[in-house]
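Welcome! Here are some exercises to work through with the model in view. Try each task yourself before you read its solution.

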Amino acid sequence: MPTPNANLTNAGLTSAGLTHANLAKAAQTLGIVAAAALVVFMPMMVELFDLMQYTIFAVMGILALSLGFIWGFGGIMSFGQTAFFGLGAYTFAVTAINTDGGWSAVALAVLVPAVFAAVLGYFMFYGRISDVYLGVITLTVTLILFNVVNSTAGDAYTIGDAPLGGFNGIPAVPGLSMPGNPDYFFGPEENWYLSAGCLLLVYLLLKGVLRTHFGRVVVAVRENETRAALLGYDPRIYKLLAFVIGGGVAGLAGCLFTNWGAFVSPTVFSLSTAAQIIIWVTIGGLGTLLGPVIGCFLMQYLILQIGTQQSFNADLVMGAILLAFVLAMPMGLVPMARLLAWRVIERLWPAGAGGRDADTADAAPDARMAEGAK
């Protein structure tokens with residue numbers, strides 16, 4: 001029979017859970033509203049050069065989300081997310097040149113990487129490839145694509161009217177135009193609204209996916225694949241679908257990247273770009289959608305500032321920061337910030353009555369944060 005103290009503790013924990021859930025929802029709502037306001041008013045707050053830099057931050061934030069989703073929630077460590085990013089970039093460039101721009105290029109830039117992810121993922125997941133080899137295979141595919149595209153210099157390598165250009169890339173890619181007015185092409189402000197709006201939309205869509213039955217099963221497969229299989233779920237199909245979603249999101253980022261610069265080259269498949277994405281997600285925090293975006297923004301801003309002087313090497317600084325985070329803060333910025341916030345809330349706003357001691361009060365938020373950081 002439960003003791004009175006146990007009943008008080010359970011009641012306190014339930015009350016704490018409800019309080020924390022309400023606070024979390026309120027914080028998320030405020031964050032989304034603030035982000036939407038930032039999307040709308042940013043062009044009025046900064047100069048044109050800064051706006052163009054923040055636009056590429058938003059584009060790379062979408063790329064970071066693609067890896068954050070499949071790695072943090074699907075448990076799929078992809079070292080070659082740039083394969084889908086580059087395919088989206090080149091698909092948009094080739095389609096835009098052959099059709100004089102248009103939104104059909106955007107659709108194909110998302111569809112082609114998603115289909116490629118489906119084919120690649122089928123052989124990996126249904127071939128029972130272990131997690132270690134998944135990273136090796138995706139990295140190898142990226143390097144293969146880099147070498148293939150880098151070797152397409154010359155007039156013989158064209159797709160329709162689009163010369164691939166080899167290591168020189170494809171210049172003068174037609175940008176997107178205003179729907180209903182094909183003569184009005186997007187400028188820096190319109191590209192900001194498009195890129196930042198897509199970042200916010202992708203974030204909300206992925207968050208919605210994780211709240212569905214499919215999303216919960218994906219997380220369950222990540223936690224314990226054998227147990228999920230015993231419950232009647234086929235882990236392979238859920239991993240494959242999550243991988244396809246990540247590929248499509250990365251393709252969208254590649255499309256927006258080419259539209260932003262009106263240029264694409266084989267560097268979109270490069271090893272350095274692939275490594276940067278992993279650093280962004282690691283620093284921001286696995287198991288979150290906000291973490292990869294914050295990690296991306298912080299590192300991109302830091303690299304931008306380092307580029308204005310010659311005292312430090314950007315790659316060396318990024319490596320040092322990654323090492324520091326892995327050793328000192330392995331859960332990442334966002335999970336650590338949540339943990340500290342819950343501890344402060346527990347101190348300032350105790351949820352239970354007299355039935356909860358200090359150890360129980362500290363254990364509850366720690367458990368929640370550990371669960372979220374997995």
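**Exercise 1.** Which residues form a nonpolar patch on the surface?

*Solution.* Before starting, note that this is a predicted model: local features need pLDDT of at least 70, side-chain atom pairs count only at pLDDT 80 or more, and totals for chains, interfaces and linings use all residues. Residues are numbered from 1 along each chain as its sequence is written, and side-chain values use heavy atoms, leaving out hydrogens and water.

Step 1: Recall the rule. Patches are made of residues with over 30% relative accessible area and no salt bridge; like charges are joined within 9 Å, and nonpolar side chains (Val, Leu, Ile, Met, Phe, Trp, Tyr) within 5 Å. Accessible areas come from the Shrake-Rupley method with a 1.4 Å probe, and for residues only the protein chains shown count as cover.

Step 2: Read off the members. They are Leu 108, Leu 111, Val 112, Val 115, Val 119, Tyr 122 and Phe 123, with about 640 Å² of accessible area together.

Step 3: Look at one member. Phe 123 is found in helix α4 (residues 104-125); helices are DSSP runs (H or I, at least four residues), numbered from the N terminus. Phe 123 counts as exposed because its relative accessibility is 59% (buried means under 20%, exposed over 50%, partly exposed in between; 1.4 Å probe, protein chains only).

**Exercise 2.** Find the salt bridge of Lys 239 and explain what the pair ties together.

*Solution.* Step 1: Side chains of opposite charge can pair when their charged atoms come close. A salt bridge needs a side-chain nitrogen of Lys or Arg within 4 Å of a carboxyl oxygen of Asp or Glu.

Step 2: The side chain of Lys 239 meets that of Asp 131 at 3.9 Å, N to O.

Step 3: Lys 239 lies in helix α9 (residues 235-261) and Asp 131 in helix α5 (residues 131-150), so the pair ties together parts that are 108 residues apart in sequence.

Step 4: Check the surroundings. Lys 239 is buried at 11% relative accessible area, whereas Asp 131 is partly exposed at 45%.

**Exercise 3.** How many aromatic pairs does the structure hold?

*Solution.* Step 1: Rings of Phe, Tyr and Trp (its six-membered ring) pair if their centres lie within 6.5 Å; planes under 30 degrees apart count as stacked, over 60 as edge-to-face and the rest as tilted.

Step 2: The structure holds 13 such pairs. One of them, Tyr 90 with Phe 269, is stacked, at 5.9 Å centre to centre and 20 degrees between the planes.

Definitions and conventions: Helix = DSSP H or I, 4+ residues; strand = E, 2+ residues; numbered from the N terminus.
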